[in-house]
Amino acid sequence: MTFARALGAALGAALLCPAAALAGAQAYEELAASVRYRLSAAIADKSAPELTFRDRQDGHKWIMEMSRRLEKRIADRKERIELLRTVHFEAQRAGLDPQLVLGVIEVESGFRKYAVSKAGARGYMQVMPFWVKLIGGRGQNLFHLRINLRYGCVILRYYLDLEKGDYFRALGRYNGSVGKPDYPRAVLAAWKVRWGYLGATS
């Protein structure tokens, strides 16, 4: 399915009801050594999170607008700001739209930091623990804000590259439901309807 068709279907669904949490589980699959090395290197980078806007005013506007939208889900302002700063940094670092990542978090965990799915996926972006053994470091805590978002963004970028930019299939892979429409449509709707932003984001 093309992105335009998937988005059209998603936007239609969004007019009927907001997305419900559809936490799934990324499926374990063998990775080529070169892929494991590349993903491990992406996970291991320790540069400090920071906003990467064209200017400070753009960054402030984005943070304030997203914080306003997130207020009903996360009451604590400091927690909201920290989440949004980290989302923006990790999304940009992985070459993803920060609003897409917010859409994934909404649908996967409902912005619950300590969410655990029936399959054992953890945290905001519902990352499966096998990824830590596969590409990460011993003892990494998937409930830690930055670690969770780092893994989630790197994994989603990997699936997008694997599916040659097909968001519908990449999101299905991320959720462990590839080929089924509910999850990709929910994320696409959240991305464009509830988290869409016309200002500068980079």
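A crossing of two helices is called right-handed if the near helix is turned clockwise from the far one by less than a right angle, and left-handed if the near helix is turned anticlockwise. The views below come from a predicted model.

**View 1. The crossing of helices α5 and α9.** Helix α5, which spans residues 98-109, packs against helix α9, residues 182-194, at an angle of about 130°, and the two axes are 8 Å apart. Because angles of this kind fall outside the ranges for roughly parallel, roughly antiparallel and roughly perpendicular, α5 is described as oblique to α9. The crossing of α5 and α9 is right-handed. On the side of α5, the contact is made by Gln 99, Leu 100, Gly 103, Val 104, Glu 106, Val 107 and Glu 108, while α9 contributes Tyr 183, Ala 186, Val 187, Ala 190, Trp 191 and Arg 194. Sorted by character, the residues of this contact comprise eight nonpolar, two polar and three charged.

**View 2. Helix α8 and its two ends.** Helix α8 covers residues 167-175, and its buried residues are Phe 168, Ala 170, Leu 171, Gly 172, Tyr 174 and Asn 175. At the N-terminal end, α8 is capped by Asp 166, which places a side-chain oxygen 3.0 Å from the backbone nitrogen of Phe 168. Just beyond the other end, Gly 176 follows α8 with a positive phi of about 75°.

**View 3. The surroundings of Tyr 174.** Tyr 174 has its place in helix α8, and, because its relative accessibility is 1% and buried means under 20%, Tyr 174 counts as buried. Once neighbours within four places in sequence are left aside, Tyr 174 is in contact with a number of residues, among them Ala 25, Gln 26, Gly 152, Ile 155, Leu 156 and Tyr 159. The contacts of Tyr 174 also include Val 104, Glu 108 and Tyr 183, three residues that take part in the contact of α5 with α9. Although Tyr 174 and Val 104 are 70 residues apart along the chain, their C-alpha atoms are separated by 9.4 Å. Met 125 is another contact of Tyr 174, and the backbone oxygen of Met 125 lies 2.6 Å from a polar atom of the Tyr 174 side chain.

**View 4. Thr 86 in helix α4.** Thr 86 belongs to helix α4, which runs over residues 77-93. With a relative accessibility of 6%, Thr 86 counts as buried. Apart from neighbours within four places in sequence, the residues in contact with Thr 86 are Leu 145, Arg 146 and Leu 149.

Technical notes. Residues are numbered from 1 along each chain as its sequence is written. This is a predicted model: local features need pLDDT of at least 70, side-chain atom pairs count only at pLDDT 80 or more; totals for chains, interfaces and linings use all residues. Side-chain values use heavy atoms; hydrogens and water are left out. Axes are lines fitted to C-alpha atoms, for helices over the stretch in contact, and angles run from 0 to 180 degrees between N-to-C directions. Helices (H or I, at least four residues) and strands (E, at least two) are DSSP runs, numbered from the N terminus. Angles under 35 degrees count as roughly parallel, over 145 as roughly antiparallel, 65 to 115 as roughly perpendicular and the rest as oblique. Contact means heavy atoms within 4.5 Å. Ala, Val, Leu, Ile, Met, Phe, Trp, Tyr, Cys and Pro count as nonpolar, Asp, Glu, Lys and Arg as charged, and the others, Gly among them, as polar. Buried means under 20% relative accessible area, exposed over 50%, partly exposed in between (1.4 Å probe, protein chains only). A polar contact is a pair of N or O atoms within 3.5 Å; within protein, one must be able to donate a hydrogen and the other to accept it, and residues adjacent in sequence count only if both atoms are side-chain atoms.
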